[in-house]
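Grab a coffee and open the viewer: here is a set of short exercises to work through. Try each task yourself before reading the solution below it.

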Amino acid sequence: MAAAVVWRRGAAWLRSCRGKVLRRGGSPETPGVPRARGCAGSREVVPTCERYAVRRLPFGRLADGDVAFFERLLPGRVVTGEEEVKPFNVDWLKSVRGCSQLVLKPQTTAEVSQILRYCHERNLAVSPQGGNTGLVGGSVPVFDEIILSTALMNQIISFDKVSGILVCQAGCVLERLSEYLEEQGFIMPLDLGAKGSCHIGGNVATNAGGLRLLRYGSLRGTVLGLEVSLCCSSAAPVLQVLADGSALDCLTSLRKDNTGYDLKQLFIGSEGTLGVITAVSILCPQKPKAVNVAFLGCQSFAKVLETFTTCRAMLGEILSAYEFMDEKCMELVETHLKLSSPVAGSPFYVLIETSGSNSTHDEEKLNSFLEQAMASGLVTDGTVATDDKKIKVLWSLRERITEALTHEGYVYKYDISLPVGKLYDLVTDMRARLGQSAKNVVGYGHLGDGNLHLNITAESYSHSLLDAIEPFVYEWTARCSGSISAEHGLGFKKRQFIQYSKPREAVVLMQQFKAMLDPKGILNPYKTLPERSTC
Ligand SMILES: O=C(O)CC[C@@H](O)C(=O)O
Ligand SMILES: [Zn+2]
């Protein structure tokens, strides 16, 4: 059967092995990558403190004098009033809700530092917020924390074409940075579905992984420098003497710098609990001249894995993404988002992207891999896109799964790192365990990085379903020496489970760092680390 396949060289869309000619470009209505994630429905969200019975820590209460102080500091950039503050109190998933009464929108690092200095003195808790696209409840308050939004810190400070290093403020939207860089022949080393709304500062604060990690590595390698506003603490008395607050200036643009400890690493992935990232210096790769995307159907997960091994060996350095999704994911994007896939009828799908500098060379390599994958039965159906528009259509099938899932009701989300061979076993085991009590159990993710996104949907939130899932999912992960958070962070929802992935001593050390930099614990409380007494 495979011998009958015509992989037309250079053709954008290929004939499937079942002899079906695929529609070019999918449905004309198929939207490309969304500018921003759509809103996850309009239902009222139960306050987090009620749903999870959280105890408020003894922080100060906001007084009129505090608001007056902030209004003087940030004229016209202080948001009060229930309706105005409401969108900042709820996460994008509409799964957690705080009850803050105040949003502050600083424009400069000095302003952020003054806010933190004041809040430290007054013992007022602060919840830093970027694009509010996080998936673990890390970017909204739990109680009445003041929301410190980076929305107005959106200036590109510099870009050096020789080194490819971009320096910008933390509130720059990822997609805007990508567009800016593309005009200069470069790209961001990071790409993710929420690119239309997420802020680079939030990306760094959560050490976001995304779709290009396989090729360009994690932000821990590409972020060269950071500027961070800190609370005035005994650990940083030298900063306390600054009249305009305290900021740690590690905003270097050096590729190599071995002078002492690499302090910026402490803030990458710290989820706003140690300081507020105000500016970022990041190394950006050259824009590839040739990009191709293949979207393929596989008959089993074993074949998904073998296809990965084969394509990595045959494509070598031009392989830039290897994503997978199961058929349920495809069904959901088709049903809820009306996207139409040019490849259908397989239990698993993989999206393979190549990025290189020579289109003839890359297409030849991709075509010979595809011919072999079809001939050996690894892949049974497929299509290839070589132009931007069709590439976006194929990527949207994968990138918009998160959005499609929100149409199902409540989504229980798990972002797990596992040995790649075991990735889908967790989905299968969870499906068997939950039976009819869940609406859907789906698996997809960054297979090339060993990262599974396990999502479980139900009409609405229920404690009993949560109890059936957790701690089972974390115990399962720990048995395989995996991580309970591959790239989304721990935020509010996962912080009590850190011990499944980190030894007690490591957690205690983290708590000590936290106490040193934020002695009153005002920075993003109830997030990332468990309360000291519980560990
Ligand atoms: O919604 C999820 O579980 C994953 C979101 C994101 O990390 C993705 O890879 O699409
Ligand atoms: Zn992901």
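**Exercise 1: the core**

How many residues does the largest nonpolar core have, and which have the most contacts inside it?

Solution. Keep in mind that you're looking at a predicted model.
- Step 1: the largest nonpolar core counts 145 residues.
- Step 2: Val280 and Val350 have the most contacts inside that core.
- Step 3: strand E10 (residues 290-298) gives the most to this core, namely 6 residues.
- Step 4: now click on Val350. Skipping residues up to four places away in sequence, Val350 touches Leu296, Cys298, Val304, Thr307, Tyr322, Glu323 and Phe324.

**Exercise 2: a phenylalanine in E10**

Find Phe295 in strand E10. Is Phe295 buried or exposed?

Solution.
- Step 1: count C-beta atoms. Phe295 has 28 others within 10 Å.
- Step 2: compare with the cut-off. A residue is buried at 20 or more, so Phe295 is buried.
- Step 3: look at who touches Phe295. Apart from neighbours within four places in sequence, Phe295 is in contact with Pro342, Val343, Tyr349, Leu351, Gly382, Thr383, Leu394 and Leu397.

**Exercise 3: an aspartate in H2**

Go to Asp66 in helix H2 (residues 64-73) and work out its burial class.

Solution.
- Step 1: within 10 Å of Asp66 there are 17 other C-beta atoms.
- Step 2: buried takes 20 or more and exposed takes 12 or fewer, so Asp66 comes out as partly exposed.
- Step 3: list the contacts. Leaving aside neighbours within four places in sequence, Asp66 is in contact with Arg122 and Leu124.
- Step 4: set sequence against space. Asp66 and Cys119 are 53 residues apart along the chain, and their C-alpha atoms are separated by 9.1 Å.
- Step 5: do that again with Phe295. Phe295 and Asp66 are 229 residues apart in sequence and 55 Å apart in space, C-alpha to C-alpha.

**Exercise 4: two helices that cross**

Describe how helix H11 (residues 301-315) and helix H13 (residues 359-375) meet.

Solution.
- Step 1: get the geometry. The two axes come within 10 Å and cross at roughly 150°.
- Step 2: add the hand. The crossing of H11 and H13 is right-handed.
- Step 3: pick out the residues. H11 brings Thr307, Thr310, Cys311, Met314 and Leu315, while H13 brings Lys365, Leu366, Ser368, Phe369, Gln372 and Ala373.
- Step 4: sort them by type. The contact of H11 with H13 has 6 nonpolar, 4 polar and 1 charged.
- Step 5: link back to Exercise 1. Thr307 of H11 also turns up among the residues that Val350 touches.

**Exercise 5: around the ligand**

Which residues surround ligand 1?

Solution.
- Step 1: the shell is made of Leu135, Gly193, Thr402, Lys413, Asp415, His453 and Asn455.
- Step 2: ask which elements give two or more residues to that shell. They are strand E14 (410-417) and strand E16 (451-458).
- Step 3: sort the shell by type. You get 1 nonpolar, 4 polar and 2 charged.

**Exercise 6: odd backbone spots**

Check Asn132, Asn524 and the bond between Glu470 and Pro471 for backbone features worth a second look.

Solution.
- Step 1: Asn132 isn't a glycine, yet its phi is positive, at about 55°. Asn132 sits in the loop between strand E3 (126-129) and strand E4 (146-149). Asn132 counts as buried because it has 22 C-beta neighbours inside 10 Å.
- Step 2: Asn524 isn't a glycine either, and its phi is positive at about 45°. Asn524 lies in the segment after helix H19 (504-517). With 29 other C-beta atoms within 10 Å, Asn524 is buried.
- Step 3: Glu470 and Pro471 are joined by a cis peptide bond, with omega about 10°. Pro471 is in the loop between helix H17 (463-469) and helix H18 (472-479).

**Exercise 7: zoom out**

How many helices and strands does the protein have?

Solution.
- Step 1: the protein comes to 19 helices and 16 strands.
- Step 2: of its 535 residues, 51% count as buried.
- Step 3: take the contacts between residues at least 6 apart in sequence. Of these, 76% join residues at least 24 apart.

Terms used: Residues are numbered from 1 along each chain as its sequence is written. Chains are lettered from A and ligands numbered from 1 in the order in which they are written. This is a predicted model: local features need pLDDT of at least 70, side-chain atom pairs count only at pLDDT 80 or more; totals for chains, interfaces and linings use all residues. Axes are lines fitted to C-alpha atoms, for helices over the stretch in contact, and angles run from 0 to 180 degrees between N-to-C directions. Helices (H or I, at least four residues) and strands (E, at least two) are DSSP runs, numbered from the N terminus. A crossing is left-handed if the near helix is turned anticlockwise from the far one by less than a right angle, and right-handed if clockwise. Two residues are in contact if their C-beta atoms, placed from the backbone, lie within 7 Å. Ala, Val, Leu, Ile, Met, Phe, Trp, Tyr, Cys and Pro count as nonpolar, Asp, Glu, Lys and Arg as charged, and the others, Gly among them, as polar. A residue is near a molecule or strand if its C-beta atom, placed from the backbone, lies within 6 Å of it. A nonpolar core is a set of buried Ala, Val, Leu, Ile, Met, Phe, Trp, Tyr and Cys residues joined through C-beta atoms within 7 Å.
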